[in-house]
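Me: I've got a complex open here and I'd like to talk it through. Can we start with what counts as touching?

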There are 2 protein chains.
Amino acid sequence: MSGKIATAKEQFRQFITEKGLKSTSQREDIADIFFKTTTHVSLEELLKKVRRKNSRVGYATVYRTMRLLAECDLAFERQFGDGQTRYEHLIDDSHHDHLICIKCGAIAEFSNQTIEALQKRIAEEMGFSVTNHKMELYGHCAKCQ
Amino acid sequence: MSGKIATAKEQFRQFITEKGLKSTSQREDIADIFFKTTTHVSLEELLKKVRRKNSRVGYATVYRTMRLLAECDLAFERQFGDGQTRYEHLIDDSHHDHLICIKCGAIAEFSNQTIEALQKRIAEEMGFSVTNHKMELYGHCAKCQ
DNA sequence: CTTACTGCAAAATCTTTGCAACATC
DNA sequence: GATGTTGCAAAGATTTTGCAGTAAG
């Protein structure tokens with residue numbers, strides 16, 4: 001409720017500045033819309049959304065902006081097996097993992113602290129320091145059983 | 001030590017027969033070499049290995065054979081973020097997950113029964129029956145820290 | 001002004017598929 | 001023999017990149 005925490009937008013601007021890059025309206029728009037998205041968007045989908053606000057944005061710019069966002073951990077790549085790379089963020093939301101129905105494609109999210117803790121410990125035992133992870137459970141959802 | 005358990009090769013042959021498909025030397029060679037592989041091979045790599053034994057095998061056949069193997073759960077697709085689909089099997093080996101170094105690309109394997117049990121329980125609570133899962137931890141390995 | 005960014009279109013990657021020749025059953 | 005399989009080459013689908021024009025610092 002209090003405590004100044006930088007918004008994702010601010011973090012992105014800071015990253016841009018620190019790297020000596022330039023802030024542009026395209027980057028602002030893309031980041032803005034991406035942060036407002038709550039699903040796992042593909043570049044194609046994101047481009048479509050961005051174009052509703054600014055019709056003269058190219059696919060390549062979305063591609064390159066998402067690469068920047070991924071570089072500063074404001075976006076995470078996900079691949080669920082259809083040949084599309086998807087992106088998601090963790091704004092206003094803690095880390096979560098996915099349950100994917102292999103029949104209807106439904107995606108549910110979950111998170112579990114015990115698993116997270118175990119992952120960290122296992123990694124440490126093997127000499128790794130973990131910065132990120134993916135966990136996806138594939139199976140049939142309630143409707144498709 | 002005792003107990004007749006069908007080998008992966010036999011399971012594949014059975015799957016082929018049951019589906020009314022035909023057994024060919026290419027399929028035998030590809031499955032053979034794949035089962036002997038202990039890493040996460042891409043189609044490209046697998047094709048190269050297969051061609052050392054039989055130089056007249058095409059990429060498409062490897063592709064189609066791996067699809068068959070995946071269909072009968074003798075091969076599992078993995079995508080680690082470089083744009084390559086990789087395959088692995090669980091022969092002579094229980095299920096395992098991956099630790100991936102984001103600097104040098106090293107891949108380590110691990111498995112943990114507690115996590116597996118928790119995954120199952122979580123999924124059930126959400127109405128899913130899990131048949132498969134992926135868990136990948138990304139970070140820096142001992143050498144790259 | 002200098003350096004970075006953009007959009008477009010072309011290139012590069014991978015993955016899939018059509019088809020005539022060929023191998024199983 | 002009938003039907004499935006193969007290899008090749010072409011088609012698809014995405015992801016990357018080169019470049020001339022444009023914009024931010």
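Reply: Sure. Here a polar contact is a pair of N or O atoms within 3.5 Å. Keep in mind that this is a predicted model.

Me: OK, so what does Thr24(A) do with DNA strand C?

Reply: One of the polar side-chain atoms of Thr24(A) sits 2.6 Å from a phosphate oxygen of DNA strand C. From the other chain, Tyr63(B) also puts a polar side-chain atom 2.6 Å from a phosphate oxygen of that strand.

Me: And Arg56(A), which part of it lies 2.5 Å from a phosphate oxygen of DNA strand C?

Reply: The backbone: an N or O atom there is 2.5 Å from a phosphate oxygen of DNA strand C.

Me: Which elements give two or more residues to the surface near strand C?

Reply: From chain A, α2 (25-36) and α4 (59-71), and from chain B, α4 (59-71). The largest share is from α4(B), with five residues.

Me: Which residues come nearest to strand C?

Reply: There are 22 residues around DNA strand C, and the nearest are Lys22(A), Arg27(A), Arg56(A), Thr61(A) and Tyr63(B). By type, the surface near strand C has six nonpolar, eight polar and eight charged residues.

Me: Bases or backbone, what does the protein meet on that strand?

Reply: Of the strand C atoms within 4 Å of the protein, 78% are sugar or phosphate, and the rest are in bases.

Me: Switching to strand D. How many residues are around it, and which come nearest?

Reply: Again 22 residues, with Tyr63(A), Lys22(B), Arg27(B), Arg56(B) and Thr61(B) nearest to DNA strand D. For this strand, 77% of the atoms within 4 Å of the protein belong to sugar or phosphate, the rest to bases.

Me: What does Lys22(B) reach there?

Reply: A base oxygen of DNA strand D, which is 2.3 Å from an N or O atom in the Lys22(B) side chain. Two backbone contacts go to phosphate oxygens of strand D: an N or O atom of Arg56(B) at 2.5 Å, and one of Ser23(A) at 3.4 Å.

Me: Which element gives the most to the surface near strand D?

Reply: That's α4(A), with five residues. At least two residues each come from α4 of chain A and from α2 (25-36) and α4 of chain B. The split by type is six nonpolar, eight polar and eight charged.

Me: Now the two protein chains. How are A and B related?

Reply: Chain A superposes on chain B with a rotation of 179° and 0.0 Å of shift along the axis, at an RMSD of 0.2 Å. The two copies are therefore related as by a two-fold rotation axis. In chain A, Met135(A) has the C-alpha nearest that axis, 2.1 Å away.

Me: Why say the copies meet through the same surface?

Reply: Because 97% of the interface residues of chain A are also interface residues in chain B.

Me: Last topic, chain A by itself. What is its secondary structure?

Reply: Five helices and six strands. Starting at the N terminus, the order is α-α-β-α-α-β-β-β-β-α-β. The C-alpha trace spans about 45 × 35 × 35 Å along its principal axes.

Me: How much of chain A is buried, and what does it expose?

Reply: Of its 145 residues, 41% are buried. Chain A exposes about 8400 Å², with carbon and sulfur atoms supplying 48% of that. As for contacts between residues at least 6 apart in sequence, 53% join residues at least 24 apart.

Technical notes: Residues numbered from 1 in each chain as written. Chains lettered and ligands numbered in written order. Predicted model: local features only at pLDDT ≥ 70, side-chain atom pairs only at ≥ 80, totals over all residues. Heavy atoms only, no water. Near = heavy atom within 4 Å. Polar contact = N/O pair within 3.5 Å; in protein donor to acceptor, adjacent residues only side chain to side chain. Helix = DSSP H or I, 4+ residues; strand = E, 2+ residues; numbered from the N terminus. Nonpolar A, V, L, I, M, F, W, Y, C, P; charged D, E, K, R; others polar. Buried < 20%, exposed > 50% of the residue type's maximum accessible area, 1.4 Å probe, protein only. Contact = heavy atoms within 4.5 Å. Areas by Shrake-Rupley, 256 points an atom, 1.4 Å probe, with all protein chains shown as cover. Least-squares fit on C-alpha atoms with pLDDT ≥ 70 in both.
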